[in-house]
Amino acid sequence: MRVPCKSWLLLFLCHIYITTAQDEAITLPKVVETCNGIFLQYTFDSRQKEYPHVKNATAQSWAFKSQLIVVNTGTTELKSWEAFIGFQHDEILVSVDGATVLNGDSFPMKVDKNGTRMTGYPQADMKTAIDTANDLAQMSAKVKIKGTMFGVKVGGNVMPKNIKIENEGFKCPKATTKDKLMHVCCTKDPKYKKKKKTTLKFFPRQKADLSIIYDVKQAYKSSYQAEVTIQNHHPLGRLDHWNLTFEWMRNEFIYDMRGAFTRRRDASECLYSAAGQYYQDLDFSNVMNCQKKPVISDLPPTMKDDEKVGKLPYCCRNGSILPKIMNPMKDRSVFQMNVWKLPPDMNRTAINPPQNWKIEGFVNPHYRCGQPVRIDPTEKPDPSGVEAVVTAIATYQVACNITKPKRKMAQCCVSFSAYYAASVVPCNTCACGCEDEDTRKCAEDAPALPLPAEALLVPFANRTIKARAWAKIKHFDLPRKLPCPDNCPVSLNWHVDSDYKTGWTARVTMFNWNRRPFEDWFMAVHMKRAFVGFENVYSFNGTKLPKVNKTIFMQGLPGLNYLVGLKNGSKKGEPPVPGKQQSVISFLKKRTPRIRVARGDGFPTRVVFNGGECALPRRLPKRSDGRRRSLIGLFPAGLVAYVTFIVISYYLPLNT
């Protein structure tokens, strides 16, 4: 008998489904029967040596697969479960299926030294066996982990240090390890006092330097409307001309937007994508974007009142997000987007926020963003004006925190100078990177050359002649290969201007070496010893920030908050002229009697411009910045002085 092709196809699909279901099924060990709480088991499945193969065992990389099982064996439901895995072999996670890494970056993701915290996704809650008739699908979670580990010899310990549940109200003993299995039973802590007013169904809102809230406002069978709020919570955080990107995980696409736009709009990408294959009758020329990783930017102020894409609070400011201390009405940006879905998510409750969020600005701090976490829905007043509260259908939070820039990766730099030193200590070599430099012609690791003060007014390309002439005058030794430039779009000069009995002064100057101007700029300096003696800033608006580690916050006065960009010279052949502003800062010694201005106390230990931390010089100005005079050269002068002393002492008394 001949079997139709459709029947064979149906049998094949059934086989795949059964195989997959068996693979996803959770098999529990016998030890779980004695656990009355939350049971965790980590299983190391396999590993394989990766290329390149090296002789040094500590440098050899291995691809590994493991899984984590979390089971609720207690009598109360576990909301928004959170587990800890103490990885200890410099692991790099490539994929995590069944959970989201908290405060993690996009994959591949380097594991923190203190381990990794994961939370359930898409299943965040674990019901009890009592409420589900022992249905493991509702009372447990299985997390599949793939990654790379380093430095473990064949037969070595490949297991993490520990595993435990991180939810409040539980205590966990040290996990038990046997071969490639690790398990622990976490029970309720009898000493834990539950907070009185705890009505949260999901995770509480996390504290972060920058918070991105993803609110689902409307939901339909094949689409939903999301409102994204980017809010700054750090007193020194900031974004200018922000670009936001994320990754769709289930073939979603953006149909249209309000308050922002995507940097790329290509209908052909949609036609040849999974969306184009499913929505055969849709006119994709009206679709905003079908990229898996779209780049989104804020609209300009001119489109704020546009009926189609504007008229949204906190939108349309060219991507400017300021600290609340500067302007509380400009500490956030908001935009909306209509998201269309594809099978198998064609129902109103199937909502999966995008993953792997990143945001960056122009000469701003570098933010590291975690994965979205489900939190309690956002509540807002009813727009109609009645005394009612409107709640979002679902709310997710992406927590982003400022990271300290690595060496040669700053976006601004500082030079030091002083009234007692003839030479300026310039910005560090390659302070903002040297990716575009030909290192065959310049030294990227050589210390920057001392300069005369007037050299700070010209671009680096025009400083070579001045540096050579200055070295000749001051008898400096010049290397054959001169240092590379700092390559910073913004530089600042801190000049100790005076030092007297009751106080001292400094002069700070900002230089904009970029064609793009800075509006509503700010600068902050950390003065370790001199902070309490701060008196005044004369051309800027200066404020003490004692809660931000002895920091003085400065911004432009009204009408003077605009730092112009680089302009061409007034005459042909003259170097470009940077935009600049400067002010004198005064300090009193009444509260800092033992301050030593010239020995370092008069210089900042941290400088921030528009949220970005600037690279500081590695040395301070010196009183004598030339070569030491030779003792042989001083000998004739000493001899003359000695002879004169003998004549005066012995011959003059005889004549009298």
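A search of the whole of this predicted model turns up 10 disulfides. Let us walk through three of them, then turn to the strands, the cores and the chain overall.

## Three disulfides

| Pair | S to S distance | Torsion about the S-S bond | Handedness |
|---|---|---|---|
| Cys172 and Cys186 | 2.0 Å | 115 degrees | right-handed |
| Cys412 and Cys614 | 2.0 Å | -95 degrees | left-handed |
| Cys432 and Cys488 | 1.9 Å | about 95 degrees | right-handed |

Start with the link of Cys172 and Cys186, which has a sulfur-to-sulfur distance of 2.0 Å. Cys172 sits in the loop between β10 (170-171) and β11 (176-178), while Cys186 belongs to strand β12 (residues 181-188), so this disulfide ties together parts that are 14 residues apart in sequence. The two ends have their own surroundings: Cys172 is partly exposed, at a relative accessible area of 26%, whereas Cys186 is buried, at 0%.

The next pair, Cys412 and Cys614, is a left-handed disulfide. Which parts of the chain do Cys412 and Cys614 tie together? Cys412 lies in strand β26 and Cys614 in the loop between β37 (612-613) and α8 (631-655), so the bond connects parts that are 202 residues apart in sequence. Cys412 is buried, with a relative accessible area of 0%, and Cys614 also counts as buried, at 5% relative accessibility.

In the pair Cys432 and Cys488, the sulfur atoms are 1.9 Å apart. The torsion here is about 95 degrees, so the disulfide is right-handed. Distant parts of the chain are linked once again: Cys432 is in the loop between β26 and α6 (464-474), and Cys488 is in the loop between α6 and β27, 56 residues apart. Cys432 counts as buried at 14% relative accessibility, and Cys488 counts as buried at 7%.

## Strand β8 and its partners

Strand β8 (residues 140-150) is mostly covered, with 8 of its 11 residues buried. Which strands pair with β8? One is β2 (residues 61-72), which runs antiparallel to β8 and is joined to it by 11 bridges. Within that pairing, Trp62 has Met149 as its bridge partner in β8. Another is β4 (residues 92-97), also antiparallel, with 5 bridges to β8. There, Leu93 is matched with Gly147 of β8.

## Nonpolar cores

The largest nonpolar core has 38 residues, and the members that touch the most others are Leu492, Trp494, Met527 and Phe609. Strands that each supply at least two residues of this core include β26 (412-418), β27 (490-499), β28 (503-512) and β35 (579-588). A second core lies apart from it, made of 35 residues, among them Leu40, Val143, Ile165 and Phe170.

Met527 deserves a look of its own. What does Met527 contact, leaving aside its neighbours within four places in sequence? Its contacts are Trp494, Trp504, Lys550, Ile552, Phe587, Asp601, Gly602, Phe603 and Pro604.

## The chain overall

Finally, let us step back to the whole chain. The protein chain has 8 helices and 37 strands. Of its 656 residues, 46% count as buried. Among contacts between residues at least 6 apart in sequence, 71% join residues at least 24 apart. The chain exposes about 36,800 Å², and carbon and sulfur atoms supply 54% of that area.

Terms used: Residues are numbered from 1 along each chain as its sequence is written. This is a predicted model: local features need pLDDT of at least 70, side-chain atom pairs count only at pLDDT 80 or more; totals for chains, interfaces and linings use all residues. Side-chain values use heavy atoms; hydrogens and water are left out. Buried means under 20% relative accessible area, exposed over 50%, partly exposed in between (1.4 Å probe, protein chains only). Helices (H or I, at least four residues) and strands (E, at least two) are DSSP runs, numbered from the N terminus. Two strands pair if DSSP finds at least two bridges between them. A nonpolar core is a set of buried Ala, Val, Leu, Ile, Met, Phe, Trp, Tyr and Cys residues joined through side-chain atoms within 4.5 Å. Contact means heavy atoms within 4.5 Å. Accessible areas come from the Shrake-Rupley method with a 1.4 Å probe; for residues, only the protein chains shown count as cover. A disulfide is a pair of cysteine sulfur atoms within 2.5 Å.
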